[in-house]
Amino acid sequence: MTDTKTPTRARVGPLLRRAAEAEAATWRSLYVWARRRPLPLGPGDEPFGYLGVVKPILGIFIGLSVVEIPIFDVVVTHVVPWRPARWIVLGLGIWGLLWMIGVFASMTIHPHVVGDRGLRVRLSWGVDIWIPWTDVEALRKRYRSLPSSRSVQVEQEGDRRVVSISVGSQTSIDVLLRRPLTFDLPKAGSTPVNELRLYADDPDGLLRSARGTPVSQTVSR
């Protein structure tokens, strides 16, 4: 007899593991950020953030959570007769607030890094890839608005494969590769990539810091 539950378990297992990794990484990022230690950068490395486009949204959610916690506490205390309910709701509210601050912290302590040997592209804790300058044909400043809100998006443009690491459904820099490279990215698979697109708050500064890499300053929306 065929076990129909096996495919479901095979799908659920990796999802649960990734959810656990995300939870642990968020709290770890909050701890590191709260300690206010300098970013671990090597000699000649320059960090470039990407939080600016989503900072207002995160700020609004965090602010609303701060306001909601005491309001729900008062409501539950006076409406729900079961006393433990107050502490459960209060605990969930504080957890949600700290979790959102953890998301902010994770994006802050994991910036893109331009170094002497290459470009490190990151997005929070989940994306961390290294591209040597010897594999970069050119960098191009180009603002793009993407139709999807997914952070990692894969497109097929003719015989070329493009991966976008977006923030707030936007990218601002195109990295054209000399040869197809394979990156370890969520849902991107193992097919070689011809171009990588990423978002940086200061694309001009990142392009200026590129070591010996041809740069195009074309700006398009």
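Residues 57–80 are 96% helix and 0% strand, and the C-alpha atoms at the two ends of this span lie 32 Å apart. A second stretch, residues 87–107, is 100% helix and 0% strand, with 30 Å between its end C-alpha atoms. Both ranges carry the feature "transmembrane region" in UniProt, where the entry is unreviewed. Please keep in mind that the model you are looking at is predicted.

**The chain as a whole**

Stepping back, the chain has four helices and 10 strands. Read from the N terminus, the order of elements is α-β-α-α-β-β-β-β-β-β-β-β-α-β. The chain has 221 residues, and 39% of them are buried. Its accessible surface is about 13000 Å², with carbon and sulfur atoms supplying 60% of that area. If you look at contacts between residues at least 6 apart in sequence, 69% of them join residues at least 24 apart.

**Aromatic rings and charges**

The structure contains two aromatic pairs. One of them is formed by W33 and F104 in an edge-to-face arrangement, with 5.7 Å from centre to centre and 80° between the planes. Because W33 belongs to helix 1 (residues 5–34) and F104 to helix 3 (residues 84–109), the pair ties together parts that are 71 residues apart in sequence.

Are the two partners buried or exposed? F104 has a relative accessible area of 18% and counts as buried, because the cut-off is under 20%. W33, at 21%, is partly exposed.

W33 has a charged companion too: the charged end of R36 sits over its ring, 4.5 Å from the centre. A further arrangement of this kind places R86 over the face of W87, at 4.9 Å from the ring centre.

**Three loop residues**

Now for the loops that link strands. The table shows where three residues sit.

| Residue | Strand before the loop | Strand after the loop |
|---|---|---|
| D116 | strand 2 (112–114) | strand 3 (118–123) |
| D135 | strand 4 (127–132) | strand 5 (136–145) |
| S166 | strand 7 (160–165) | strand 8 (170–181) |

Let us start with D116. Which residues does D116 contact, leaving aside neighbours within four places in sequence? They are P43, G44, W133 and R211. For W133, which is 17 residues from D116 along the chain, the C-alpha to C-alpha separation is 8.3 Å.

D135 has a relative accessibility of 10%, so D135 counts as buried. Setting aside neighbours within four places in sequence, its contacts are L176, L177, R178, R179 and L181. Strand 8 covers residues 170–181, so these partners of D135 can be looked up along that strand in the viewer.

S166 is buried as well, with a relative accessible area of 4%. A polar atom of the S166 side chain lies 2.9 Å from the backbone oxygen of R150. R150 also appears among the residues that S166 touches, not counting those up to four places away in sequence; the others are L123, L146, S151, Q153 and T171.

**Looking back**

To revisit the views above, you could begin with the W33 and F104 pair, which links helix 1 with helix 3. From there, R36 over the ring of W33 is a natural next stop. The loop residue S166, with its 2.9 Å approach to the backbone oxygen of R150, rounds off the tour.

Technical notes. Residues numbered from 1 in each chain as written. Predicted model: local features only at pLDDT ≥ 70, side-chain atom pairs only at ≥ 80, totals over all residues. Heavy atoms only, no water. Buried < 20%, exposed > 50% of the residue type's maximum accessible area, 1.4 Å probe, protein only. Polar contact = N/O pair within 3.5 Å; in protein donor to acceptor, adjacent residues only side chain to side chain. Contact = heavy atoms within 4.5 Å. Phe/Tyr/Trp six-rings, centres within 6.5 Å; stacked < 30°, edge-to-face > 60°. Lys NZ or Arg CZ within 6 Å of the ring centre and 35° of its normal. Areas by Shrake-Rupley, 256 points an atom, 1.4 Å probe, with all protein chains shown as cover. UniProt positions renumbered as here; feature names shortened; annotations may be inferred.
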